[in-house]
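Subject: Model for you to look at

Hello,

Here is the structure I said I would pass on. My notes on it follow below.

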Amino acid sequence: MSNAQQDASAELGERGSTRIGLSKEALKQAYVDNLFFLLGRYPEMASTHDYYMAAAYTVRDRLLARWLKTARTYKNASARTVCYFSAEYLLGPHLENNLVNLGIYQSAREAGEELGLDFDQIRDAEAEPGLGTGGLGRLAACYMDSLATLQIPSIGYGIRYEFGIFEQGIANGWQVEESDTWLHDGNPWEIARPKLRFSVGFGGRTESYRDEHGELRVRWVPDLVVVGKAYDTPVLGYGCANANLLRLWTSEAPRSFDFQSFNTGDYYGAVNTKIQAETISKVLYPNDEPEAGKELRLKQQYFFVSCSLQDMIRLQLATAGSLHEFHRKFVAQLNDTHPAIAVAELMRLLVDRHYLAWDEAWDITRNTFAYTNHTLLPEALETWPAELLQRLLPRHMEIIYEVNRRFLDEMRVRYLGDVERIARLSIIDERGGRRVRMANLATIGSFAVNGVAAMHSELVKSTVLKDFYELWPEKFFNVTNGVTPRRFIVVSNPHLARLITEACGDDQWVRDLECLSSLEPLADDAGFQARWREVKTTAKRDLARCLLEHTGTEVDPESMFDVQAKRMHEYKRQHLNVLHIISLYQRLKQDPGLDIAPRTFIFGGKAAPGYFMAKLIIKLINSVGEVINTDPQINGRLRVVFMPNFNVKNSQLLYPAADLSEQISMAGKEASGTGNMKFSMNGALTIGTLDGANVEIRAEVGEENFFLFGLSADEVGQLQARGYRPMEHYTRNDELRSVIDLIDSGLFAHGDKDLFRPLTDNLKHHDPFMVLADYQSYLDCQQEVGRTYGDPGRWDRMSILNVARMGKFSSDRSVRDYCRDIWKVDPLPVKPED
């Protein structure tokens, strides 16, 4: 080290206590410095947003010290690295989570108070990055948190969408979508890497040629080239010095302005390339109903996997000098089929750009990727028209055809004469117009395939990927999803977190959720139950204030908070919940003296902009609420409220406040679910079917602490095989018929008898998710819920045991399963700074 470097290090050490120190005094000084030097503001001139930005930069400085040391440690060790490929990352607000993971939450709050600042106001000023639609993106964020906490070398790759998932408003009961401008005021948590850029092509043609060794090669000549630029966000682990990397790509034109076109009067042409390029990362999940939307979505998927693979190759060449051991350095996890085009892209890069032989390239490729299946819904298993892929990615289509040809040749020998099986295994679906099956491509091009709950994994093996399981049973694994307790207990529910820490004797449970089992002996302790109930009531009051502010509906925190908050979809059966609400309403109208526990039904969730039926269900929820909430005869015994714009920030109010968690999808449709875990971790009891992770939650918490109803997946299959006739349920069940007839009467639509007719007709004549078949079982189970809630001691005991037995559902356990069974990656601790 030179004298100048030594002097600089000494100066850094002297400044370090302020710049990256964790003491309260260091935080105060750094905050004032950042407000002045980075934002150019005196305290008396600063806005709330300025205060937030200064706080964010103060915390980010402390992340960067750990992040850079982590990068150096991983590089020096040539560590095997997990690369998580996900089209979504629903991160949630950064500030509080980073304060918790740094271990300075209380110090930061006290520092703010001593500076005369309102900590809560500063926290609430943070915009939420809406880079995901729901469970898939939130799972990716949980896994990034756990990977860092478990000290696993990893990189998350995705897209830096300029506009995320839409902001949801409610107008006249209908969902309205507004742009999510999360980047409008800047993002202090990311670092732009303008020199880290990769070219990505689209369209054009391919050309054959012979290289200097006489080998036949293929060159892709695209007709559009965009540039992917990296933005990096550090992801800090809890209770350790490891900080991993989330690298998101934004698309740009190679040249933002064509001066020659401008000079010749072609003003549109001068900026057209820039507009085309920037459109790719402009918005999360464009509406893919029109052809242009499909094309843009495919462009997005290819764009981010190409940038990410080029980056991985850059890293490998910088450290190893060759790509022959690429698959030993990296394992790339495909989070659903959205990144599946990566299989063809890695082949292209290895064969066409780095001149590896096909067989070696294929061996590297299929030993690099692992694929997570997230759905059993046929419409969600992505397929692309072959014509579209041929037009946008002509070289990749050639590679897919060649991979498929070689694979099917092997299969024809293995399964002599079994033409139907060969057709099912093919990457190309020849029925009707040719389509590329991305799940088949991902399965063939990966060394491992996993489902996300025990039941889901078995259904994957017996249904959507049955032929592949019979071919390669050793490839298939289960990794049940999990969620991070840092975000969904410590940050979301600080009162509960403090009570748990006091009861357990320390906070080790935050890193090892199995420690929650220490709560079990307290489940029957009347004093502990009272404190538990007080924590829940506090959370319900907080949510009640929020609901009043944002919806104008006043709710009673002493009532049961019955919550269903998740993406709006018919298979999740929010309309079954509504039928129960109307049933209760009718019963109370017919018998005002009926003894039922007062309930507040709370819904939250967004419907895809083009999904009419889901949006109609939102309208029905709000319309039912409008009638019930203003009926003086009900007098507050029932309340119905729709919480708009359900996101991570809002969820942190909902999960702690829920008494009852509605997990009521038709059995066999939900892959796993993670909302069910978040509610249970916060003491809500579950009413649900044997679907997704509900099965495992029920097994863990105990059958007696779970409200089970409905058909099993096997019974659903049997009923479908016999021929399901929903009209029979409508005809035979008097109460069900009266509920549906009441909707059709126009009571909830100001006399309009046709408004909800598409929904009720669908239930009576089609009912694809067997709402009517499960209706009576659901109502009977809800009566048991009401009776149990009327016994506070029993309810509190069940609630405590739910939390005590949730250790399995930490994302830390999920990541350990991946590391052990699939990734074969070991922790690499980073030595903390002095």
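Two strands are taken as paired if DSSP finds at least two bridges between them. This is a predicted model, and the remarks below should be read with that in mind.

I begin with a hairpin. Strands β6 (residues 205-210) and β7 (residues 216-221) pair in the antiparallel sense, with six bridges between them. Arg 210 has Leu 216 of β7 as its bridge partner. Five residues lie between the strands of this hairpin, and Gly 214 has a positive phi near 85°.

Next, the sheets. One is an open sheet of nine strands with mixed pairing, in the order β5-β8-β9-β2-β1-β10-β11-β15-β16. Its edges are β5 (191-202) and β16 (476-478); each has a single partner strand, so one side of each is left without a neighbour in the sheet. On average, neighbouring strands here are turned by 25° against each other, direction ignored. Within this sheet, β1 (residues 81-85) and β2 (residues 154-159) run parallel and are joined by four bridges. Phe 85 stands opposite Tyr 157 in β2.

Another open sheet has three strands in the order β12-β14-β13, with antiparallel pairing. Here β12 (383-385) and β13 (428-429) are at the edges with a single partner strand each, so one side of each has no neighbour in the sheet. Three bridges hold the antiparallel pair of β12 and β14 (residues 435-437). Pro 385 has Arg 435 in β14 as its bridge partner.

Now the helices, starting with one that lies on the nine-stranded sheet. Helix α7 (residues 135-149) lies across β1, β2, β8 (224-236), β9 (243-252) and β10 (330-335), and runs at about 55° to β8. What does α7 meet besides these strands? Its axis and that of helix α34 (residues 811-823) come within 9 Å and cross at roughly 75°. Since angles of 65 to 115 degrees count as roughly perpendicular, α7 is roughly perpendicular to α34. On the α7 side the contact is made by Cys 142, Tyr 143, Ser 146, Leu 147 and Thr 149, and on the α34 side by Ser 811, Asp 812, Ser 814, Val 815, Tyr 818 and Trp 823. By class, these residues divide into six nonpolar, four polar and one charged.

A second helix pair is α13 (residues 358-366) and α15 (residues 394-414), whose axes come within 13 Å and cross at roughly 90°. That crossing makes α13 roughly perpendicular to α15. Trp 358, Asp 359 and Trp 362 of α13 make the contact with Ile 399, Glu 402, Val 403 and Arg 406 of α15. Four of the contact residues are nonpolar, none is polar and three are charged.

The third pair is α30 (residues 734-744) and α32 (residues 771-789). Their axes come within 10 Å, crossing at roughly 110°, and the two helices are therefore roughly perpendicular to each other. The crossing of α30 past α32 is right-handed. Glu 735, Leu 736, Val 739 and Ile 740 in α30 meet Leu 772, Tyr 775 and Leu 779 in α32. This contact has six nonpolar residues, no polar ones and one charged residue. As background to the spacing of such contacts, an α-helix has 3.6 residues a turn, so residues three or four places apart point the same way.

Finally, how far does helix α3 (residues 48-77) reach from its first C-alpha to its last? The span of its 30 residues is 43 Å, close to the 44 Å expected at 1.5 Å a residue. Ser 78 follows α3 and has a positive phi near 45°.

Regards

Definitions and conventions. Residues numbered from 1 in each chain as written. Predicted model: local features only at pLDDT ≥ 70, side-chain atom pairs only at ≥ 80, totals over all residues. Heavy atoms only, no water. Axes fitted to C-alpha atoms, helices over the stretch in contact; angles between N-to-C directions. Contact = heavy atoms within 4.5 Å. Expected span 1.5 Å × (residues − 1). Parallel < 35°, antiparallel > 145°, perpendicular 65-115°, else oblique. Nonpolar A, V, L, I, M, F, W, Y, C, P; charged D, E, K, R; others polar. Left-handed = near helix turned anticlockwise from the far one by under 90°.
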